[in-house]
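Welcome to the tour! Open your viewer, get comfortable with rotating and selecting, and follow along one stop at a time.

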Amino acid sequence: MAGRINDDDVKAVRDAVPIDAVVSEYLQLRNAGGGNLKGLCPFHDEKSPSFQVSPSKGLFHCFGCQEGGDTIAFVMKIDHLSFSETVERLAAKAGITLRYEEGGYNPGHQRGERIRLVEAHKAAAQFYIEQLDSPEAEIGRKFLAERGFDQAAAAHFGVGYSPAGWDHLTRYLRGKGFSDKELTLSGLSQEGRRGPIDRFRGRLMWPIKDVGGEIVGFGARKLRDDDNGPKYLNTPETPIYKKSQVLYGIDLAKKDIAKVSRAVVVEGYTDVMACHLAGVTTAIATCGTAFGGDHIKILRRLLMDNGSARVIFTFDGDAAGQKAALRAFEDDQKFAAETYIAIAPDGMDPCDLRLAKGDEAVADLVQPRTPLFEFALRQIVKRYDLETPAGRAAALDEAAPVVARIKNIGAQHEVAVQLAGMLGILDTQFVVKRVAQLARWARDRGGKGPAQQQTPQRGYDTAAPAAAVASGPALNLRSPAHRTERELLKLALQRPELVSPAFDAYGTDEFTAPPYAAVRQCVQDAGGATGAPSDYLDTVREAAPNDTVRALVTELAVETIFAKTVDEAYAGDQLVTVRLRAVDRRIRDVQGTLARLGAQGDPEQVAAVQNELWVLTQYGQSLRNNGAAAL
């Protein structure tokens with residue numbers, strides 16, 4: 001049985017490793033006065049730093065989430081380690097040899113799982129580096145040379161080579177004392193017919209490190225035509241490797257990211273190498289997954305979200321690169337930093353650009369060029385015919401909610417003005433007010449759009465939100481509002497080309513009957529009505545949360561549309577009627593709010609409500625006067 005670490009050794013470790021040095025491996029710290037340091041808490045999301053470190057006391061405390069403790073507690077919490085694993089890791093950093101009581105010290109058994117897996121990766125990385133000099137690895141060295149990377153560059157990034165045989169690494173690590181269970185758990189080996197075999201064979205290897213600098217996985221690049229695997233093969237999800245929570249190059253880039261408050265996000269390992277060698281030492285990349293929320297958390301702690309912080313995304317100029325940029329924009333508002341996109345005019349990635357035009361071209365590429373929001377808006381706008389009123393109205397319908405998501409009111413107003421210019425709408429204030437209206441709706445309804453009035457219907461839980469799962473039989477609702485909503489849904493299912501793209505901008509809460517709101521949600525979950533593919537109805541049905549909703553989708557998909565002539569004019573009438581009723585409901589809500597505030601209300605609040613009422617009234621009047629063109 002494993003022994004307990006000697007108390008005196010624990011104290012020696014705690015005293016030997018400064019808490020500020022350890023915490024600085026994970027986030028940027030700044031002077032907080034009184035000898036303390038502050039930063040953005042790594043244990044919860046926050047906009048201003050409430051996490052403080054006292055180097056003199058060896059303690060940390062977050063005034064936001066109340067997490068606190070010493071160096072050991074911090075590492076245990078942030079890396080999900082046991083007490084003994086944490087002490088062992090810190091002891092290794094400090095060069096302290098630990099003593100174990102109740103049975104002595106057995107390195108093979110005393111160390112925790114995470115430490116064993118990290119040690120296996122460290123040994124594997126060294127093995128791969130040594131193999132890069134072998135005759136077999138000539139193809140790998142040629143690959144690097146053709147991309148402008150010499151031996152020194154390979155050594156700097158720890159690039160190695162995995163032999164093409166079945167179990168070279170597995171046998172090597174067994175000889176180092178690692179068990180078969182540890183090797184498969186680490187993802188370095190996988191089960192073969194006769195036992196564990198190497199996961200990576202005949203490939204160039206990049207070590208992937210966490211923000212603390214420990215190797216937790218590998219990225220492997222295919223080199224030979226007879227390799228039937230993917231171009232890039234990454235370590236699978238393991239106890240120490242979660243691809244959504246690691247950024248390649250973060251160990252090399254983190255100090256400069258914190259220093260200059262700038263991060264450059266590229267797409268691949270060679271792009272990171274090219275950027276760093278060209279002097280762009282803040283470059284990092286995701287590892288086989290899209291840039292997402294967990295990656296943002298890592299960068300925010302380093303950038304500290306100050307006003308001058310910048311994040312620049314470099315994506316290929318092809319359709320996939322543009323799609324990746326738009327996906328990144330979905331999380332844009334999670335940054336306080338300004339976000340930009342940089343795409344080389346000829347569509348080259350940083351690695352190719354460095355080869356073709358040199359280091360200066362790479363450095364110039366990542367100078368902030370196009371704000372990410374502007375790129376996203378232009379991608380939306382260019383899908384519409386802006387020469388027609390209907391095209392401009394449809395583009396505004398899709399783009400305005402994007403601008404409304406910008407949290408900074410001043411920036412939101414400025415971007416709304418830019419949007420009016422992009423669309424060629426001369427009445428700039430109309431666009432500004434439309435965006436402000438959508439932003440207010442989102443704030444008031446938690447991001448869900450206009451307020452909802454639900455009509456109780458037998459068989460449905462009317463206390464649930466509009467998009468909640470419906471239960472009970474599909475209903476043939478009789479009120480005029482419900483009939484129009486039903487017609488619109490039938491059009492969206494049977495003739496999506498007549499109602500898109502406007503329909504895709506409608507919220508579930510614009511459908512007052514919960515079952516219809518549930519069907520609207522299914523269309524949204526299936527990818528929307530715009531550009532509906534041949535299997536569109538099947539996809540919508542598959543998106544249904546249960547058989548009841550699925551049955552209603554089927555019913556609406558086969559029920560006859562009431563109109564004798566089913567055309568754009570009829571579809572536009574249904575779109576306008578549903579939207580107008582939603583606006584009128586919201587007007588009644590706002591009028592009620594204004595009445596409740598009365599003459600004694602806060603003048604600023606009253607003015608804001610009056611402004612919203614004016615915008616809503618103007619929009620409603622525009623819908624009545626201009627019909628579908630006003631959507």
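**Stop 1: leucine 493.** Select Leu493 and display what surrounds it. Leaving aside neighbours within four places in sequence, leucine 493 is in contact with Val519, Val523, Tyr536, Leu537, Val540, Val553, Leu556 and Ala557. Keep in mind as you look that this is a predicted model.

Now widen the view. Leu493 belongs to the largest nonpolar core, a group of 74 residues, where Leu493 and Phe503 have the most contacts inside the core. Which helix gives the most to this core? Select residues 568–597: this is helix α26, and it contributes 10 residues.

**Stop 2: valine 523.** Stay in this area and pick Val523, which sits in helix α23, residues 514–525. Is valine 523 buried or exposed? Its relative accessibility is 1%, and buried means under 20%, so valine 523 counts as buried. Not counting residues up to four places away in sequence, valine 523 touches Leu493, Phe503, Gly528, Ala529, Tyr536 and Val540. Try a distance as well: from the C-alpha atom of valine 523 to that of leucine 489 you should get 9.2 Å, although the two are 34 residues apart along the chain.

**Stop 3: a second core and strand β14.** Next, select Phe51, Ala263, Val311 and Phe313. They are among the 49 residues of a second, separate core.

Use Ala263 to find strand β14, residues 262–266, where five of five residues are buried. Colour Arg262, Val264 and Val266 one way and Ala263 and Val265 another: the two sets lie on opposite sides of β14, and both faces are covered. In a regular strand, side chains alternate between the two faces of the sheet.

What pairs with β14? Show residues 310–314, strand β16, which runs parallel to β14 and pairs with it over four bridges. Here valine 264 has isoleucine 312 as its bridge partner. Then show residues 283–285, strand β15, which also pairs with β14 in the parallel sense, over three bridges. In this pairing, valine 266 is matched with alanine 285.

Add helix α12, residues 269–277, to the view: β14, α12 and β15 together make a right-handed β-α-β unit.

**Stop 4: helix α15.** Select residues 350–357 to bring up helix α15, and highlight its buried residues Pro350, Cys351, Leu353 and Arg354. Why do they line one face of the helix? Look down the axis of α15: the buried residues fall within an arc of 165°, so they share one face. An α-helix has 3.6 residues a turn, so residues three or four places apart point the same way. The cover over the buried residues of α15 includes β14, α12, β16 and α16 (359–365). Just after α15 comes glycine 358, with a positive phi near 95°.

**Stop 5: threonine 238.** Here is a residue in a loop. Threonine 238 lies between β13 (232–234) and α11 (250–260). At 4% relative accessibility, threonine 238 counts as buried. Leaving out residues up to four places away in sequence, it touches Leu185, Ser186 and Gly187.

**Last stop: the whole chain.** Zoom out and switch to a cartoon view: the chain has 27 helices and 18 strands. Of its 631 residues, 50% count as buried. Among contacts between residues at least 6 apart in sequence, 65% join residues at least 24 apart. Finally, turn on the surface: the chain exposes about 28,700 Å², with carbon and sulfur atoms supplying 50% of it.

Technical notes:
Residues numbered from 1 in each chain as written. Predicted model: local features only at pLDDT ≥ 70, side-chain atom pairs only at ≥ 80, totals over all residues. Heavy atoms only, no water. Buried < 20%, exposed > 50% of the residue type's maximum accessible area, 1.4 Å probe, protein only. Contact = heavy atoms within 4.5 Å. Areas by Shrake-Rupley, 256 points an atom, 1.4 Å probe, with all protein chains shown as cover. Core = buried A, V, L, I, M, F, W, Y, C linked by side-chain atoms within 4.5 Å. Pairing = 2+ DSSP bridges. Right-handed = clockwise from strand over helix to strand, strands pointing away. Arc of directions from axis to C-beta.
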